[in-house]
Amino acid sequence: MKLKKQVTVCGGAIFCVAVFSLYLMLDRVQHDPARRQNGGGNFPRSQISVLQNRIEQLEQLLEENHQIISHIKDSVLELTDTGAVSPSGQLPFRSANGSWVLPFDGRPTFLSVKPQDCQFAQGRRGQTDLQMLDVYSLLKFDNVDGGVWKQGFEITYEPGEWDREPLQVFVVPHSHNDPGWIKTFDKYYTDQTQHIFNNMLVKLTEDPRRKFIWSEISYFAKWWESADMHKQEAMRKLILGGQLEMVTGGWVMSDEANVHYFAMIDQLIEGHQWLEKNVGVTPRSGWAVDPFGHSATMPYLLKRANLTSMLIQRVHYSIKKHFASSRSLEFMWRQAWDQKSGTDIFCHMMPFYSYDVPHTCGPDPKICCQFDFKRLPGGRVNCPWKVPPRAVVEANVAERAHLLLDQYRKKSKLFRSKVVLVPLGDDFRYDKALEWDQQYLNYQRLFDYMNSHPEMHVQAQFGTLTEYFTAVYKANNVPQGARPPDYPVLSGDFFAYADREDHYWSGYYTSRPFYKSMDRVLESHLRGAEILFSLAVAHARHTGMEGRYPTSDYTLLTDARRTVALFQHHDAITGTAKENVVIDYGNRLLHSLQGLKRVIINAAHFLVMKNKDVYRFYQTEPFLETLSNNALRTLIELDQSGPRYLVLFNPVEQDRLCVVTVLVNSARVRVLTEDGQTLPVQLSAQWSSASQMSAEVFQVCVCPGLSAVCASFMVRLPALGLAVFHLYDSADTPMTLRSETLLRLSGRGQTAHAVDPLPLRSQTADPQPFYTSTQSLTLGFSGTTGLLESIRRKDDPQELKVQIQFVTYGTRSSKDKSGAYLFLPDGKAKPYSQKEPPVVRVVEGPLFSEVVAFYQHFQQTIRIHNVPGVDGLSLDVTTMVDIREQSNKELAMRLVTDIQNDDTFYTDLNGFQMQPRRRFLKLPLQANFYPIASQAYIQDSQHRLTLHSAQALGATSLESGQLEVILDRRLMQDDNRGLGQGLKDNKKTANRFRLLLESRSTGNKVVDSGPTSFPSLLSHLTSAILNHEVIALPVLPKKRGIPPLHTFAPFTGALPCDFHVINLRSIQHQQDTHSPSPYTALILHRKGLDCGLETPNPGFNCTTTEGQLGLSSLFRNLDLQLLQPVSLSLMYSSPPMANDSSVSLEPMEISAFRLKLR
């Protein structure tokens, strides 16, 4: 055998020498000047063509023989014993304290944050008139009976108030269409929505004075695609003629609590791009009547998309009353971090209980209901106040008009202008032609009467939302979108929402966490697929191979964009739809995830090909595989015949040091980088139960890296790049190390089952704490519970108490109980308890250590990575929750620490910004819960503890030093908000977190006070690695062999590490919707940083640049042919910049650019 290998090596060497010699000869023939002169000044064309043919034959020969070279290389590696040692010659070893020391590459990495980039977090903010934290401090939150306006007060006016300036009334007909709630999206469309559009065409055309607004583009696009050209043209005419207005223009009316800003932006782009392409219209005003509370992120995104005004509705009734009493219901909404006024957008808050007709004409619902003409006697809907509407006829028009005008006047008294907005609609209204006639004809009679009687001092008409806002600006003598004189400026948000009594809508922050988690996995895949697809298409164009690349994958991207967008709907991601509707959403998410995996595989295949000429795409024969859908990881089957190749995709815009886990079928695994360097490997078991190893598969934890760096151990995955690794089934090497596993058992008949060759010990658990360490962290665990007790950072002499506890909330015994929307607990949480002590598994090794505690309704895994930089500085926490046996219970994870945060804590809004919160004892427990999309933290003058989350949940701090998050809720009844079901379709759900403990730097003990706070740079990077996991793509074995592969690194240099690439989105072709245009949208976010926390080395070169980024030379091997700033949803363009310009972003700014790359 050894002789055979030596012969192969020699043969290969001879072949290489022959090839090299031939190339030298060809080179001399082409470049020898003497020969050229002998030929009479020109080399004969025939000889050139002969040489060209030979060169082509030679290249083909090389291509065919790359397998031989590869085989030789494998043989050499197997022959050379020292090949098993890292290039530095060191092996992993254990230090005196028991932690593993790994042979790193020794290459210095540096951190350079400019002082100017730290000033933003410390800078003074412009003063706002209304800061929502101050409003909360001020209000009593009592629920005093206000008379006909139950949650308000009596409104009076003087009859002559409108004599000099008549009241302008804009009645705005609308229909709120949920893209899924009680019925699925398709069922609603079939049963109701399509009829609304069909009737709209007929009824709006009958009278040019009739107006209507529409919000959900998902439904509009579905109708448009089935409509004939005449209907499309008629609808386009109504829109362009101003009778029908598209408001907000998003794919859906997005939730604002659980959604991540990536998806908020994406669903807005999807709607706006569709409108631009099909109708040629740009939305001007935002309309959000049904999201359950409002985030400060939304006004910023609408402003960046060039909308000038917006409207909100579901705000706590006490806040509405307070704002109404001070006539502050219209305000400029400014970002709390804005030092000037550049983020201001004009916002209208509806004053009353609901957006339905009884609560929109004025303060008295008993009267307003009489002007909802769908409720005329004989119909299906009636007025709960027992006074039905009456058709308007000549005999009663005067009395009816005066009654209605009284309500309009009272409503207008709550605002600063003499212009009043009166929405006229409700859920799925106007689906029958009869209702169009009932509403429009009766209202037109009222308007005609009012307008023809000057003594009433009113001008009433149907209007669109933008017509209302335009009239307000005009009345105040200011341009569109400008701040009218004396109107207040507000900063903050509107969570948590209560619609009556103590009914706080803080349950939906967690409802159906399985789907909230699935949504974020899909978002990360969508972003990764967008970026890789855009880069692959650009490189295909650059190399003239566009025709060979499957650009038809664009349809898969479009499908996934629309699925993600649909799921941002305020009854989808919120977990507040019927069970069959939730299943429909889930099927759509899964289908799109499978499509995105195909996009990623096809793009990665093209980009890692070393020689693009041999690239071939076969629809039926994928080059790579990706994670299977029923398991987190795909099994890679190794055998003796040769290596399996593994491509790893890093979806983060910075280089990455990390631990990647794959499943293999052999414990004799060896992992090499692209250039043949052996990596340390940690073997550990795949567990089939708490104490039983699986015999078939082994987990391999690999620390992968780039071949470009001369590294001895752990190098990087390139930013937004792809790296290639070789996996072998070969004899044991000193670089493959086995995990040591200890099972801590209660001793009651429990046994441990090991599988060779993985060592397993077991012992009876004792109450003494136990510890596990890496070079960065030491964690202490309770001997009794197996749960975390303390954290000590290597540079911190003191151990900080960080206890994890599990607690449960019940629900009330009264008639009002918790449901999908509401959180109505039966008092404080009770400690989670079970009769049997848990099984606790402790796994230790050179690359990671973990402690897994097994309880009846959850298992918690805490893992730490022995990696320099970001990945090794926080705890990876996964809590697998299964409460399907429970009844009316909510399970929460609580962190109990010594941090003295008093009553202040911080939750993020949509992963975009941090919002300071205060715990108010005057509020019920459920009112102190807030949504977290990505993180929450508590801090004092010494430490900050951040819980990063990979899914949206509800969180709070109920006592100083505590931070808690609700993991799942199982509720057996409806909470009377229209759903008609409880939450009984729970699934086994993995909630994923990173727990980051940071110290305040010496001399910087100032704790944030006021309306802003920012994560540290390390915290931003931690969030990125949690939310964008490395995607492993094993190369499928091929009979013809695998052509040479290489690392793909898209950037020529590092991005500033306070920049985040939100997306690199291929823009659709104007004619062919199934193909990308030559243009790509680059959407960037510059993060705000708190530099007052100690920043350890992140493990890669990290610099900031005061917001400057040169794009012309950023993309390796691509030419930038266009650089054009555009609005956030790409509808408005600024003049193109010079291609060699730098773009400049302020801290927190999100900006979009149209690029042409090839």
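This passage describes the disulfides, one helix pair, the salt bridges and one further helix of a predicted model.

The model is predicted, so local features need pLDDT of at least 70 and side-chain atom pairs count only at pLDDT 80 or more, while totals for chains, interfaces and linings use all residues. Residues are numbered from 1 along each chain as its sequence is written, and side-chain values use heavy atoms, with hydrogens and water left out.

Disulfides were assigned by distance. A disulfide is a pair of cysteine sulfur atoms within 2.5 Å. By this rule there are 4 disulfides. With the bonded cysteines of the protein chain numbered in sequence order, the pairing reads 1-7, 2-3, 4-5, 6-8. Burial was judged by relative accessible area: buried means under 20%, exposed over 50%, and partly exposed in between (1.4 Å probe, protein chains only). Helices (H or I, at least four residues) and strands (E, at least two) are DSSP runs, numbered from the N terminus.

One disulfide is formed by Cys361 and Cys368, with 2.0 Å between their sulfur atoms. The torsion about this S-S bond is about -90°, so the disulfide of Cys361 and Cys368 is left-handed. Both Cys361 and Cys368 are buried.

Cys369 is joined to Cys383 by a disulfide, with an S to S distance of 2.0 Å. The link of Cys369 and Cys383 is left-handed, with -100° about the S-S bond. Cys369 and Cys383 each lie in the loop between α13 (365-368) and α14 (397-412), so the pair ties together parts that are 14 residues apart in sequence. Cys369 is buried, at a relative accessible area of 0%. Cys383 is buried too, at 7%.

A disulfide also joins Cys1057 to Cys1102, at 1.9 Å from S to S. Here the torsion about the S-S bond is about 75°, so the disulfide of Cys1057 and Cys1102 is right-handed. This pair links distant parts of the chain, 45 residues apart. Cys1057 is in the loop between β43 (1031-1034) and β44 (1059-1068), and Cys1102 is in strand β46 (residues 1102-1103). Both Cys1057 and Cys1102 are buried. Two more cysteines were examined for burial. Cys347 counts as buried at 0% relative accessibility, and Cys658 counts as buried at 5%.

Helix packing was examined for α7 (residues 185-206) and α8 (residues 217-226). Axes are lines fitted to C-alpha atoms, for helices over the stretch in contact, and angles run from 0 to 180 degrees between N-to-C directions. The axes of α7 and α8 come within 10 Å and cross at roughly 70°. The two helices are therefore roughly perpendicular to each other (angles under 35 degrees count as roughly parallel, over 145 as roughly antiparallel, 65 to 115 as roughly perpendicular and the rest as oblique). Contact means heavy atoms within 4.5 Å. Among the residues that meet are Phe185, Tyr189 and Leu201 in α7, and Tyr219, Phe220 and Trp223 in α8. The residues of the contact of α7 with α8 divide into 8 nonpolar, 5 polar and 2 charged. Ala, Val, Leu, Ile, Met, Phe, Trp, Tyr, Cys and Pro count as nonpolar, Asp, Glu, Lys and Arg as charged, and the others, Gly among them, as polar.

Salt bridges were then sought. A salt bridge is a side-chain nitrogen of Lys or Arg within 4 Å of a carboxyl oxygen of Asp or Glu. The whole structure holds 54 salt bridges. One of them pairs the side chains of Asp129 and Arg483, at 3.5 Å from N to O. This pair links distant parts of the chain, 354 residues apart. Asp129 sits in the loop between α5 (119-122) and β4 (130-131), and Arg483 in the loop between α16 (465-475) and β14 (489-491). Arg483 is partly exposed, at 39%.

Helix α7 also carries a salt bridge within its own length. The side chains of Glu206 and Lys203 meet at 3.4 Å, N to O. Glu206 and Lys203 are 3 residues apart, so about one helical turn separates them. Glu206 is partly exposed, at 45%, whereas Lys203 is buried, at 10%.

Arg429 forms a salt bridge with Glu435, and their closest N and O atoms are 3.1 Å apart. Arg429 and Glu435 are both buried. A network of salt bridges links Glu225, Asp266, Glu270, Arg562 and Arg1065.

The last element is helix α12 (residues 317-325). Its buried residues are Tyr317, Ser318, Ile319, Lys320, Phe323 and Ala324. Their cover includes β4, α6 (132-138), β10 (330-333), β11 (345-349) and β14. Arg327 follows α12 and has a positive phi, near 50°.
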